[in-house]
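Work through the exercises below with the sequence and the coordinates at hand. Each task is followed by a solution that proceeds step by step.

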Amino acid sequence: MSTHTAPARPLPARSPALGPAAGSARALAESLAVRPRIRITLTVLTLFTLLASANLCTPLFPLLASRFDTGPVGVTLAFSSYVVALIIGLLLFRRVADLLNRRTVLLTALALTAVATAASAVAPSLGWFGAARAVQGIAIACATGTASGALRILLPRNAPLAARLTLLATSGGVALGPVIGALLSLGPDPVAIPFLAVAVALAALIPIILLTTPHAVCRPIVASATSATSATSATSATSATSATGGSPAHSRRSFWIAAMTGFLSFAVFGFCLSLAPSHFAAIAGTDARPIIGALAAVTLASSAAVQLVPWRGSWRVPVGLLALALGLLGFAAADRVGGLLWLVTSGVLAGAGQGIAFQAAFTRAALAVPPEQHASRVTAIYTVTYLGSTVPVVGLGVLAETVGLSAAVSGFAVCAALGALVLAGAARSTTR
């Protein structure tokens, strides 16, 4: 993507005579005038790197379990400490992205996550490691809605693209995090090097953002900006009206379909990022960390890949959820069928189905609100979504301790597939 833009012009001083609507319109125009392509790229890269940092430890869990002398429950607790903190952060800081300067929020999130990621490299105990991941969760909770809101503002005429870029950055970070962790773990210190390298990458983004993005152009855009610039965002407004039919009740239904699709999606993602890779590696007959990381990432990478395509049509949510259910049933049968090809095929099918369904549901719900409410709507969706990575995944760890890993993984996959089928029926009924 070309990043060549006209030289940035000095921002004119705001006149006190301007009314709120005109002042807000001017703030939006100023924001769009300064290096928009570079800022879009940096926003996506920031969100991607933050999510990758939180998920690079997936292939390292066997090493961490040995270091901390813990079993499946300890692994799932270490995994879930990040998610629990993230949910708490989403609940506490839901409005932070709509009220505070976006650059300040993202820089703070990068700094905190860099420190927490570096701390994970030297964690002497499971409690220390869990605390570092909790700090990551709080920081990423603030950054997710902020980055999504920034993309919506930087792409005023293409709100669906802003939603797709949000999903691409988040799902891409979650997907490639395990691969990055696995590859970096091939060095002399397989635990410390992955965390330290990604911490450096996070810290390196801070001066780049400071140099390319003035503080003034990232101030919040208040509600009157939307009405004052309705002519410049007519496409987004038309899409939102079409998506929701102008009905508040329809808007609420679209929110809950998106939230529950996200909940199920992240239950599957948590499953793929915690205990499932060890089970899949046993089926494939390998203990190589790059292969474990790839098996963890295949479903998530497939989900990220489909975000590159602007799918259209009311079929997307029900058909995507049906494909997700079939992929999960493939996981459940893998213990009997066996084979690396079967696992990869099931993962690709599950990920593609999830990605198509969540893209449609998420975009529909995000377009149901104006830009000044976009960040808080996205945060609310992700609050429910990330719950899927806690209770179901912790339950999987407890079940694995009780009935064994193989039976627990198969049982979880079947239950999640049934959930996908039920949700597909509910989504289909709302599109009639």
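## Exercise 1: Helix 13 and the chain as a whole

Task: state which residues of helix 13 (residues 276-284) are buried, and what share of the chain is buried.

Solution. In helix 13, the buried residues are A276, P277, H279, F280, A281 and I283, where buried means under 20% relative accessible area, exposed over 50% and partly exposed in between, for a 1.4 Å probe and protein chains only. Just after helix 13 comes G285, with a positive phi of about 70°. The model is predicted, so local features need pLDDT of at least 70 and side-chain atom pairs count only at pLDDT 80 or more, while totals for chains, interfaces and linings use all residues. Residues are numbered from 1 along each chain as its sequence is written, and side-chain values use heavy atoms, with hydrogens and water left out.

For the whole chain, buried residues make up 55% of the 432 residues. The chain has 19 helices and zero strands, helices (H or I, at least four residues) and strands (E, at least two) being DSSP runs numbered from the N terminus. Of the contacts in the chain with a separation of 6 or more, 86% are between residues 24 or more positions apart, a contact meaning heavy atoms within 4.5 Å.

## Exercise 2: The packing of helix 8

Task: determine how helix 8 (residues 159-184) is oriented relative to helix 7 and to helix 14 (residues 289-306).

Solution. Begin with helix 7, which packs against helix 8 at an angle of about 150°, with the axes 8 Å apart; axes are lines fitted to C-alpha atoms, for helices over the stretch in contact, and angles run from 0 to 180 degrees between N-to-C directions. This makes helix 7 roughly antiparallel to helix 8, since angles under 35 degrees count as roughly parallel, over 145 as roughly antiparallel, 65 to 115 as roughly perpendicular and the rest as oblique. The residues that meet are S148, L151 and R152 in helix 7 and A159, A162, L165 and T166 in helix 8.

Next take helix 14, whose axis lies 7 Å from that of helix 8 at an angle of about 170°, and these two helices are therefore roughly antiparallel as well. On the side of helix 8 the contact includes L168, S171, G172 and V174, and on the side of helix 14 it includes R289, P290, G293 and A296.

## Exercise 3: An aromatic pair

Task: classify the ring pair of F129 and F195, and say which parts of the chain it ties together.

Solution. The structure holds 15 aromatic pairs, in which rings of Phe, Tyr and Trp (its six-membered ring) have their centres within 6.5 Å, with planes under 30 degrees apart counted as stacked, over 60 as edge-to-face and the rest as tilted. The ring centres of F129 and F195 are 6.0 Å apart and their planes stand at 70°, so the pair is edge-to-face. Because F129 lies in helix 7 (residues 126-154) and F195 in helix 9 (residues 192-212), the pair ties together parts that are 66 residues apart in sequence. Both partners are buried, F129 with a relative accessible area of 1% and F195 at 2%. Elsewhere, F266, F269, F358, F362, Y382 and Y386 form one aromatic cluster.

## Exercise 4: Two buried polar side chains

Task: find which backbone oxygen lies 3.3 Å from a polar atom of the R102 side chain, and which lies 3.2 Å from one of Q307.

Solution. R102, in helix 6 (residues 102-121), is buried with a relative accessible area of 5%, and the backbone oxygen in question belongs to V217. Q307 sits in the loop between helix 14 and helix 15 (316-337) and is buried at 4% relative accessible area; here the backbone oxygen is that of G355. Leaving aside neighbours within four places in sequence, Q307 is in contact with R164, L167, L168, S171, G355 and Q359.

## Exercise 5: A positive phi

Task: is D69 buried or exposed, and what is its phi?

Solution. D69 lies in the loop between helix 3 (61-68) and helix 4 (72-92), and D69 is exposed, with a relative accessible area of 72%. Its phi is near 55°, a positive value in a residue other than glycine. Most residues other than glycine have a negative phi.

Terms used. A polar contact is a pair of N or O atoms within 3.5 Å; within protein, one must be able to donate a hydrogen and the other to accept it, and residues adjacent in sequence count only if both atoms are side-chain atoms.
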